[in-house]
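Take a walk through this model, one part after another. Keep the sequence and the 3D view side by side.

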Amino acid sequence: MANKSIDHAFTATSLTSAASDPTFAGALSFMRRRFTKELAGVDVAVWGIPFDAATSNRPGTRFGPQAIRRASAIFDNDAQYPFNRDLFTEMAVIDYGDCLLDYGNHQDTPDAIERQANVILDSGAFLLTLGGDHYVTWPLLKAHAAKHGPLALVQFDAHQDTWFDEDRRIDHGSFVARAARQGIIDPDRSIQIGIRTHAPEDCGVNILYGHQVEEMSAGDIASAIISHTRGAPAYLTFDIDCLDPAFAPGTGTPVAGGPSSAKILSVLQRLHQLDIRGADIVEVSPPYDHADITAIAGATVAMYMLGLHAERRAIAVSQG
């Protein structure tokens with residue numbers, strides 16, 4: 001028992017220390033990372049946005065961050081597959097907790113998210129966000145673009161989210177159209193993967209439809225993403241409904257005919273060449289989940305995002 005920990009999220013003495021809590025016990029931060037609002041010396045801040053008032057179908061994603069944290073406990077104590085490295089040996093990762101929102105004043109939500117995201121980004125930390133419905137990506141994109149300029153959007157999704165609406169409308173299906181209109185993203189370098197619905201316009205964003213993803217290899221999909229973004233600073237957003245409902249039933253607007261979690265994870269693994277400046281995983285809705293299938297998929301996607309960041313850091317160090 002001498003080398004075992006418990007409640008590592010609170011008892012950790014170092015931001016890079018390993019956890020060894022039992023998977024069935026202990027405080028459930030993301031991958032047992034230390035819960036703190038202190039950003040000094042932090043490389044990555046994992047942050048939850050428990051918001052689902054923008055959903056057009058089934059609500060429940062306000063519980064997404066909790067479910068993803070709970071599912072992530074299975075990753076806390078081993079070298080993380082497929083990266084074959086302890087992601088936290090040289091990378092200081094914290095769980096920054098959740099965004100503070102007023103459930104009675106949804107009109108204040110976008111500014112609250114953007115303002116709190118700016119605090120994290122101003123510290124120099126990489127921000128990995130756990131949603132929440134896909135509306136939360138809109139203020140997150142604004143915060144990241146203010147720091148990095150127009151971004152190449154890499155969007156895994158069953159929906160284009162390019163429906164036109166009024167700028168003050170709270171809707172999870174329009175953030176891409178807004179971002180394109182306002183120069184937050186560069187449509188010419190942006191790409192959507194897994195789309196299985198139609199919207200009135202594509203806003204100039206390249207699309208890999210579901211049937212194309214089905215026919216392509218994971219390597220070909222990754223190559224298409226890297227080629228299309230052309231080295232631009234990128235924002236990676238992953239709507240869990242990109243996956244077929246067989247692999248992610250717990251979501252608000254499931255669409256049949258999607259790829260497996262294995263295939264899309266294989267794509268993500270190959271994206272280490274992307275210059276990812278921020279990332280999120282959204283639309284995990286636990287009330288419609290079974291045996292944590294969707295939460296496990298969401299937590300795994302988030303872990304892969306951390307793995308990609310760790311690999312880019314390692315490459316940067318090796319290149320001096």
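Helix 9, residues 293-318, lies across strand 2, strand 3, strand 4, strand 8 (233-239) and strand 9 (275-282). Helix 9 runs at about 170 degrees to strand 9. Bear in mind that this is a predicted model.

Now look at the sheet itself. Nine strands form an open sheet, and their pairing is parallel. The order is 1-3-2-4-9-8-5-6-7. Strand 1 (34-35) and strand 7 (206-209) are the edge strands, each pairing on one side only. In general, strands of a sheet pair through backbone hydrogen bonds, either parallel or antiparallel.

Take one pair in detail. Strand 2 (residues 44-49) and strand 4 (residues 126-131) run parallel and are joined by six bridges. Here G48 stands opposite L130 in strand 4. Helix 3, residues 109-122, packs on the sheet and touches strand 2, strand 3 (93-98) and strand 4. The direction of helix 3 makes about 170 degrees with that of strand 2.

Move on to strand 8, where D239 has its place. D239 is buried, yet has no salt bridge. The nearest side chain of opposite charge is R196, 8.3 Å away. A salt bridge needs a nitrogen-to-oxygen distance within 4 Å. Leaving out residues up to four places away in sequence, D239 touches H134, F156, D157, T251, V282 and E283.

Finish in a loop. S174 lies between strand 5 (152-156) and helix 5 (175-181). Is S174 buried or exposed? S174 counts as buried because its relative accessible area is 1%, and the cut-off is under 20%. Residues up to four places away in sequence aside, S174 touches D161, W163 and D165.

Conventions
Residues numbered from 1 in each chain as written. Predicted model: local features only at pLDDT ≥ 70, side-chain atom pairs only at ≥ 80, totals over all residues. Heavy atoms only, no water. Pairing = 2+ DSSP bridges. Helix = DSSP H or I, 4+ residues; strand = E, 2+ residues; numbered from the N terminus. Contact = heavy atoms within 4.5 Å. Axes fitted to C-alpha atoms, helices over the stretch in contact; angles between N-to-C directions. Buried < 20%, exposed > 50% of the residue type's maximum accessible area, 1.4 Å probe, protein only. Lys, Arg positive; Asp, Glu negative; His and termini not counted.
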